[in-house]
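Good morning, and thank you for making time for this item. I would ask you to keep the display in view while I speak.

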Amino acid sequence: MIEEIKVNNLEINKHIMEVIANMSRQNISAVEQSDDGTFKFKEFANEILEAELEKIILTYCGEYPYLVNESKIESLLQTKLKIYESDELDAHGYYGNVKFSSGISKYLNGEFKGETQSNDIDYISSLKQNFFDYSLNRNGVVENDLEFRDYVEHAKHHQLTDLDFFLDCMPHELMHVFGFDGGIFEGVTESLTRQVASKYNIRCMPMGHKDETKFMQKIEKIIGTDKIIEYSYDEDKSSNINYRQISAELNGKLDSEDSLFEQMCDIEKQYFSAMRGGVPKEEQEQIFQQLKSVTKVLNDDFDDYIDRNQNNIYNLGENNISEKASQDEFRTKIYQRIIELQNREINILARLNVPNIAKQQEFLER
């Protein structure tokens with residue numbers, strides 16, 4: 001069934017790109033401003049985004065059926081998509097909501113007033129085009145050295161639309177909604193997002209939170225994806241991440257009695273608390289330097305272990321959890337539901353891609 005889902009997603013991605021090509025030709029945004037000044041998605045964009053949201057959530061549930069039940073799935077499917085006015089280029093996922101800033105629309109339309117970190121445009125232009133060709137299987141999705149600013153500059157340079165941005169951000173933000181946290185654990189959220197997107201041919205932005213992702217992927221290689229998921233999953237966002245257990249797992253592998261990982265997590269909490277609490281910049285910088293120092297030691301230790309134990313490290317995404325027959329049946333039901341949804345989504349996209357340009361423009365601009 002996975003192969004059928006993958007093939008369907010390639011077809012869906014191709015149809016979405018056709019809609020987006022028409023948006024680009026007619027200079028149409030996915031967002032409009034209401035009379036009261038608030039922003040909202042246009043009807044055609046909302047239909048696409050809602051279908052993708054439901055499909056991605058169900059895909060996460062199918063990939064990790066041991067983390068959910070029927071009630072949890074229905075609760076996750078109540079997640080709302082929102083857009084808010086901001087000069088930031090940002091998106092946020094939290095329980096029950098995914099919020100996008102209007103900044104991307106302003107940026108693409110040349111109205112953006114905020115700051116961006118521009119990279120060398122020659123480097124941006126050299127990015128592999130298959131990252132952004134969603135009708136192709138993509139290489140380098142799970143592990144790479146790209147950053148969010150690379151995507152933003154590429155979006156501008158290659159005339160991506162705001163709908164591209166919303167679709168590409170959504171998988172990561174929905175992984176937050178599903179139950180994985182931020183901070184250094186943004187690396188877990190991003191790594192799992194890329195793994196699932198690559199496995200099921202879901203379009204995503206495989207270039208965010210570079211440092212956190214590379215750091216947590218090293219831990220994932222050392223203790224295994226199943227352990228990372230077990231200790232990082234925080235269903236009700238109550239900060240139940242088991243830092244101590246991850247630290248214990250690492251100590252066992254590294255043959256160490258230090259608790260550097262636990263110390264790093266404590267320092268990170270202090271840092272974010274200082275930022276929110278109005279602590280003077282000088283103190284914030286001191287805490288940040290402590291965090292940076294401990295993280296460097298850990299990175300060096302992880303690199304050394306991985307170099308010396310090439311035959312004993314885990315592949316990213318390698319799951320050694322023994323599932324019960326009931327979980328396998330549960331997954332099959334979820335997959336069936338995904339395929340039914342994909343068929344509906346293909347019909348929606350076919351309707352949006354009507355051959356009569358006049359009718360299409362009327363639909364897009366209404």
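**Overall organisation**

Let me begin with the contacts in the protein chain: among those with a separation of 6 or more, 70% are between residues 24 or more positions apart. What you see is a predicted model. Its secondary structure comes to 15 helices and five strands. Of the 366 residues in the protein chain, 51% are buried.

I turn now to individual helices. Helix α2 covers residues 43-63, and its 21 residues reach 30 Å from the first C-alpha to the last. That span is close to the 30 Å expected at 1.5 Å a residue. Is α2 enclosed by the rest of the structure or not, and to what extent? It is largely enclosed, because 16 of the 21 residues of α2 are buried.

Helix α13, residues 281-308, is our next element. Its 28 residues reach 40 Å from the first C-alpha to the last, close to the 40 Å expected at 1.5 Å a residue. Which residues of α13 are buried? They are Q284, I287, L291, V294, T295, L298, N299, F302, Y305 and I306. The elements that cover these buried residues of α13 include α9 (210-223), α11 and α12 (260-276).

One residue of α13 serves as an illustration, namely L291. Its relative accessible area is 12%, which lies under the 20% limit, so L291 is buried. Leaving aside neighbours within four places in sequence, L291 is in contact with M264, I267 and E268. Consider M264 in particular: L291 and M264 are 27 residues apart in sequence, yet their C-alpha atoms are 6.1 Å apart in space.

**Helix packing around α10**

Two packed helices are described by the angle between their axes and the distance between the axes. I shall apply that description to two pairs that share helix α10.

The first pair is α10, residues 225-232, with α11, residues 243-254. These helices pack at an angle of about 155°, with their axes 9 Å apart. An angle over 145 degrees counts as roughly antiparallel, and therefore α10 is roughly antiparallel to α11. The crossing in which α10 passes α11 is right-handed. From α10, the residues K227, Y231 and S232 meet Q245, I246 and E249 of α11. By character, the residues of this contact of α10 with α11 divide into two nonpolar, two polar and two charged.

The second pair is helix α8, residues 186-200, with α10. Here the packing angle is about 130°, and the axes are 11 Å apart. This angle makes α8 oblique to α10. What is the handedness of the crossing of α8 and α10? It is left-handed. The contact is made by V188, L192 and Q195 of α8, together with T225, I228, I229 and S232 of α10. These residues of the contact of α8 with α10 divide into four nonpolar, three polar and no charged.

**Backbone and loop positions**

Most residues other than glycine have a negative phi, and most peptide bonds are trans. Against that background, I draw your attention to two positions in loops.

N201 lies in the loop between α8 and α9. Its phi is near 60°, a positive value in a residue other than glycine. With a relative accessible area of 6%, N201 is buried.

D255 belongs to the loop between α11 and α12. Although D255 is not a glycine, it has a positive phi of about 55°. Is D255 buried or exposed? D255 is exposed, with a relative accessible area of 71%.

Another loop residue is S86, placed between β3 (80-84) and β4 (91-94). S86 is buried, with a relative accessible area of 12%. Which residues does S86 contact, leaving aside its neighbours within four places in sequence? They are S101, S102, G103 and K106.

Finally, I return to a helical position. Q327 is found in helix α14, residues 325-352. At a relative accessible area of 18%, Q327 is buried. Not counting residues up to four places away in sequence, Q327 touches P65 and Y66.

That concludes the presentation, and I welcome discussion.

Methods:
Residues numbered from 1 in each chain as written. Predicted model: local features only at pLDDT ≥ 70, side-chain atom pairs only at ≥ 80, totals over all residues. Heavy atoms only, no water. Axes fitted to C-alpha atoms, helices over the stretch in contact; angles between N-to-C directions. Helix = DSSP H or I, 4+ residues; strand = E, 2+ residues; numbered from the N terminus. Parallel < 35°, antiparallel > 145°, perpendicular 65-115°, else oblique. Left-handed = near helix turned anticlockwise from the far one by under 90°. Contact = heavy atoms within 4.5 Å. Nonpolar A, V, L, I, M, F, W, Y, C, P; charged D, E, K, R; others polar. Buried < 20%, exposed > 50% of the residue type's maximum accessible area, 1.4 Å probe, protein only. Expected span 1.5 Å × (residues − 1).
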